[in-house]
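Thanks for coming, everyone. I have one structure to walk you through today. Please have a look at it first.

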Amino acid sequence: MALLDSLPRHLFSSRGWGLLAAGAVSLLGAQVMGRRDLLALGVLLLVLPLVSLAGIRVVKPRFRVYREFSPSTVETDSVTTVRLAVARTGLGTGRVIMEERLPPRFGESPAFRFPARSASGGTSRYEYHLRSGKRGQFTIGPVTAEFTDPFGLSLHRHSIDDGDTLTVTPAAVELPSTGLAGARGNDGITATRTRANPSDDDVMTREYRHGDPMRRVHWPATARHGALMVRQEESVTTPEATVILDHRFVGHSSGYGSVFGSQGDDGSDLVTSDTFEWAVTAAMSVGAHLAELNYSLRFLDAAGEPAFHRSSSAPEPDNEEYSGAAGLQSIAESLAAIQLTGPHHPRREHDTARREHAGSADPAQSVFDDRLMDKLAAHRMRGPLLALLGKISLAEARALAPAAGYAANAFAVVITDKPAECHDVLEALRAGGWRAVAVEASTSLPAAWMYFDEGDAAMWTAAADVRRGAEVGR
């Protein structure tokens, strides 16, 4: 029995290997004793398992598999329920052992028998649960089935479907309420008006017209103009927030050791790092936080391109504007498989930028240049701007600094392994009007978010003055 157990199980069953062994012994006996009957028996014993093996591979039972995830996309560390329905569509009888193949990170693959005891209408239904601590897209399945011939001599295992993709999105961290989003009215609606004159009262008011309610009379303006003045209706718009997500390899790696494949055990690596994972979680959390305040959201990368145009999980890779619950779900799915891109060495990036300047490369690859500024200028002063940056150079910080002038509030978070070395970068950003902070990947996201409210008020006032000065100068 120990010898039989050591033989390959994907070709013959124990019974099949036993027949083959008996056939070999019979042929040996026929050779030694010269018995024709033993020769015929040996040939029969050898041929029967081989014929059954060929037959089970030519005539394969057919099945149809339906797989459903509930919910269809799941956040990290949350549970999704997988429901399987398997139905036989071709000829065949008997019980079949099936297995749902899973990436190793999900643990042991579930096995089950077909048909199930509770099968109805020829369809067997099964259910199990999955949980992933990492974001990404994972292939669940295929279902493999192990078949045997009517005599139980040979075995054959093959896939009966192609599997389905499970999308695991980053979970949003709840952020405390702060004043970072700027002035808002009820339900996140911001009131806007054109300020064309030195006096706001003059802009806010107009002459009284018959039918205007008296509660809208603006008495200070009435006294100044000597005529009855009423407050104008304010133009109400939905506020917008812009997030710059830096996903350059050189910005989130201090060396190859700091970059890893977050899904390396299932063959679908994402090129990422601890600092980039922090940025992804921050992007998801800020998006969810502002969406609750009825903000519409824009996501750009460091080059001014749509932030998710290289994400394999993005439903609309070329889209950069999102709003409502559907928009937030699209952001979550886009962040599921986003990864680091671009040159792997700062020197190469410098050479690329030099080639771009010479016109021999795609200009879209440069960062913090006119393309990004034009995108920000098109939505000038419509809401806050948040930049989630990796390690950037002083020159890049100076190039990005003027972008603060296009936003009502501008916040920059530099995620790096060595925040203490970012003093000059932060000062360059602050000189342009940004509220900037450097954090490590181990920093609590809510703490980093609260830093902008708890920071030096004088510094924030100075930053606002810089932005106003930049706006006046345009």
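I'll start with the whole chain, then go to confidence, salt bridges, helices and a few single residues.

One thing up front: this is a predicted model. The protein chain has 474 residues, and 45% of them count as buried. Its secondary structure comes to 13 helices and 22 strands. The accessible surface is about 24100 Å². Carbon and sulfur atoms hold 53% of that surface. Now contacts. Take those between residues at least 6 apart in sequence: 69% of them join residues at least 24 apart.

Next, confidence. The chain averages a pLDDT of 81. At least 70 is reached by 78% of the residues. Where is confidence lowest, and where is it highest? The lowest is helix α13, residues 457-472, with a mean of 44. The highest is β20, at 97. Residues 456-474 have a pLDDT below 50. Beyond near neighbours in sequence, that stretch has 25 contacts in the model. There is also the stretch 182-203, where pLDDT stays under 50. For residues 182-203 the model has 40 contacts beyond four places in sequence. A word of caution here: where pLDDT is low, the predicted coordinates should not be read in detail.

On to salt bridges. A search of the whole structure finds 13. I'll take three of them.

Number one is Arg67 with Asp164. Their side chains meet at 2.7 Å, N to O. Arg67 is in strand β1, residues 63-70, and Asp164 is in strand β10. The two are 97 residues apart, so this pair links distant parts of the chain. Arg67 is buried, with a relative accessible area of 12%. Asp164 is partly exposed, at 31%. These two also belong to a network of salt bridges, which links Arg67, Glu100, Asp161 and Asp164.

Next comes Glu277 with Arg135. The closest N and O atoms are 2.8 Å apart. Why does this pair tie together parts that are distant in sequence? Glu277 lies in helix α6, residues 274-292, and Arg135 lies in the loop between β6 and β7, so the pair ties together parts that are 142 residues apart in sequence. Are these partners buried or exposed? Both Glu277 and Arg135 are buried.

Then there is Glu240 with Arg382. Here the closest N and O atoms are 3.4 Å apart. Glu240 sits in strand β15, and Arg382 in the loop between α9 and β20. This pair also links distant parts of the chain, 142 residues apart. Arg382 is partly exposed, with a relative accessible area of 41%.

Now look at helix α9, residues 370-377. Which of its residues are buried? They are Leu372, Met373, Lys375 and Leu376. They cover an arc of only 160 degrees around the axis, which puts them on the same side of α9. On the other side, Asp370 and Asp374 are exposed. What covers the buried residues? The cover includes β15 (240-245), β18 (296-300), β20 (385-389) and α10 (394-400).

Move along to helix α11, residues 423-431. Its buried residues are Val425, Leu426, Ala428, Leu429 and Arg430. After α11 comes Gly433. The phi of Gly433 is positive, near 110 degrees.

Two single residues now, both in strands. Thr169 lies in strand β10, residues 164-169. Thr169 is buried, with a relative accessible area of 4%. What does Thr169 contact, leaving aside its neighbours within four places in sequence? The list is Thr73, Val74, Glu75, Thr76, Arg135, Ala332, Glu333 and Ala336. Arg135 you have met already, in the salt bridge with Glu277.

The other residue is His129, in strand β6, residues 123-131. At 52% relative accessibility, His129 counts as exposed, because the cut-off is over 50%. Not counting residues up to four places away in sequence, His129 touches Val79, Thr80 and Thr81. From His129 to Pro110 is 19 residues in sequence. In space, the C-alpha atoms of those two are 10.0 Å apart.

Last stop, the surface. Leu39, Val43, Val47 and Val51 make a nonpolar surface patch of about 310 Å². Leu39 lies in helix α3, residues 36-58. Leu39 counts as partly exposed, at 43% relative accessibility.

That's the tour. Over to you.

Terms used: Residues are numbered from 1 along each chain as its sequence is written. This is a predicted model: local features need pLDDT of at least 70, side-chain atom pairs count only at pLDDT 80 or more; totals for chains, interfaces and linings use all residues. Side-chain values use heavy atoms; hydrogens and water are left out. Patches are made of residues with over 30% relative accessible area and no salt bridge: like charges are joined within 9 Å, nonpolar side chains (Val, Leu, Ile, Met, Phe, Trp, Tyr) within 5 Å. Accessible areas come from the Shrake-Rupley method with a 1.4 Å probe; for residues, only the protein chains shown count as cover. A salt bridge is a side-chain nitrogen of Lys or Arg within 4 Å of a carboxyl oxygen of Asp or Glu. Helices (H or I, at least four residues) and strands (E, at least two) are DSSP runs, numbered from the N terminus. Buried means under 20% relative accessible area, exposed over 50%, partly exposed in between (1.4 Å probe, protein chains only). The arc is that of the directions from the helix axis to the C-beta atoms. Contact means heavy atoms within 4.5 Å. pLDDT is the predictor's confidence in each residue, from 0 to 100.
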